[in-house]
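Open your viewer and get ready to select a few residues and strands. We will take the tour one stop at a time.

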Amino acid sequence: MMVYLYLLATVLCFIHHGNAQEADDCFPTEWLKSLVISVNISKAGFHRDLEYSVYWSETDHDVKALLVQKMPSGVYMDEYQLETLRHDTGLEVLLDSKVDLEAPEYLSSGFTALVFLSGNAVTVPVHGRYHRPSDTHSHVTVDIQPPRLLLRSDQCTSILISTDSEGETPNAQHTVVEAPCTFRNESFCLWLEIQDLKGSAGVSLELPVGDSSKTTCVCVVTLLTTTLCCVYLLIVIWRHGTF
């Protein structure tokens, strides 16, 4: 009986060690150093594209990547457009709140978008909001912070921070966080958040704003045009209408 218990304890010890080693090997120190992220913005005007690229060295297990992008009040993502792109291209973006598509910048709040990567690159459409008119500048700059990068693997039963040959933990700055496992947001998983990424930098875009010094002129011209159109319509109706 004692021999059986000893053998059972030995087997369980090897199983535990194997799982720990497996998780430890998922994101080793040298592999994490290979991570590079690139963020660019393309197109012009109010309708732009955020282009993300994440690169890493080859590995023998699957790697799932999630970008957590905080968006300012000066831009928005169209959830209906995202839904169409999900069916057409497989783009998976999860918004943390309802986004008002019509509200101007000064009546809007920021939000967070979770971008699930199916490969190493993804393009997400963003749109600029109307800002308050100004009499001092014709454009306004909207800054978008760099995204947070989260990683996980289905081959890992847990996420451990590996140590180097000297027993130190060079990856201690990386943290384990909870986030939705998939775009469907049905359950949460543990992700490894990567800090101090190579190439990690925010982007900015310039949007035109109205000239508030021309408010009076615009109002007068608009009112005059509307009045003349109404008078013209009344004359046409009076002459050709049947009463």
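Which residues does Val 93 touch, not counting residues up to four places away in sequence? Select Val 93 and look around its side chain: its contacts are Met 77, Leu 82, Ala 113, Leu 114, Val 115, Val 124 and Phe 183. Keep in mind as you explore that this is a predicted model.

**Stop 1: the largest nonpolar core**

Stay where you are, for Val 93 belongs to the largest nonpolar core, a set of 43 residues. Color Met 77, Val 93, Val 124 and Leu 151, the residues that touch the most other members of this core. Next, select residues 111-117, which make up strand S6. This strand gives the most to the core, with four residues.

**Stop 2: strand S6**

Show the side chains of S6. On one side you will find Phe 111, Ala 113, Val 115 and Leu 117, while Thr 112, Leu 114 and Phe 116 point the other way. Are these residues buried or exposed? Whichever way they point, all are buried. Seven of the seven residues of S6 are buried, so the strand is largely enclosed by the rest of the structure.

**Stop 3: the neighbors of S6**

Now add residues 92-95, strand S5, which runs antiparallel to S6 and is joined to S6 by four bridges. Here you meet Val 93 again: its bridge partner in S6 is Val 115. Then add residues 64-71, strand S3, which pairs with S6 over seven bridges, also in the antiparallel sense. To see one matching pair, select Met 71, which stands opposite Phe 111 in S6.

**Stop 4: the six-stranded sheet**

Zoom out a little. Strands of a sheet pair through backbone hydrogen bonds, either parallel or antiparallel. In which order do the six strands of this open sheet come? Follow them as S5-S6-S3-S9-S11-S10, with antiparallel pairing. The edges are S5 and S10 (175-180), each of which pairs on one side only. If you turn the view, look for the twist, which averages 35° from one strand to the next.

Farther along the order, select S9 (residues 148-152), which is joined to S11 by three bridges and runs antiparallel to that strand. Leu 149 of this pairing has Ile 194 as its bridge partner in S11.

**Stop 5: Cys 189**

Select Cys 189, which is found in strand S11 (residues 188-194). Cys 189 is buried, because its relative accessible area is 19% and the cut-off is under 20%. Its contacts are Arg 152, Val 177, Glu 178, Ala 179 and Cys 181, leaving out residues up to four places away in sequence. Try the distance tool on Cys 189 and Ala 179: they are ten residues apart in sequence, and their C-alpha atoms are 5.7 Å apart in space.

**Stop 6: the four-stranded sheet**

Move on to another open sheet, with four strands in the order S1-S2-S7-S4 and antiparallel pairing. Its edge strands are S1 (36-42) and S4 (75-76), and each pairs on one side only. Between S2 (residues 47-55) and S7 (residues 121-128), which run antiparallel, there are seven bridges. Pick Glu 51 and look across to Thr 123 in S7, which stands opposite.

**Last stop: residues 220-238**

Finally, select residues 220-238, which an unreviewed UniProt entry annotates as "transmembrane region". What will you see over this stretch? The chain here is 100% helix and 0% strand, and the end C-alpha atoms are 27 Å apart.

Note on methods:
Residues numbered from 1 in each chain as written. Predicted model: local features only at pLDDT ≥ 70, side-chain atom pairs only at ≥ 80, totals over all residues. Heavy atoms only, no water. UniProt positions renumbered as here; feature names shortened; annotations may be inferred. Helix = DSSP H or I, 4+ residues; strand = E, 2+ residues; numbered from the N terminus. Pairing = 2+ DSSP bridges. Core = buried A, V, L, I, M, F, W, Y, C linked by side-chain atoms within 4.5 Å. Buried < 20%, exposed > 50% of the residue type's maximum accessible area, 1.4 Å probe, protein only. Contact = heavy atoms within 4.5 Å. Axes fitted to C-alpha atoms, helices over the stretch in contact; angles between N-to-C directions.
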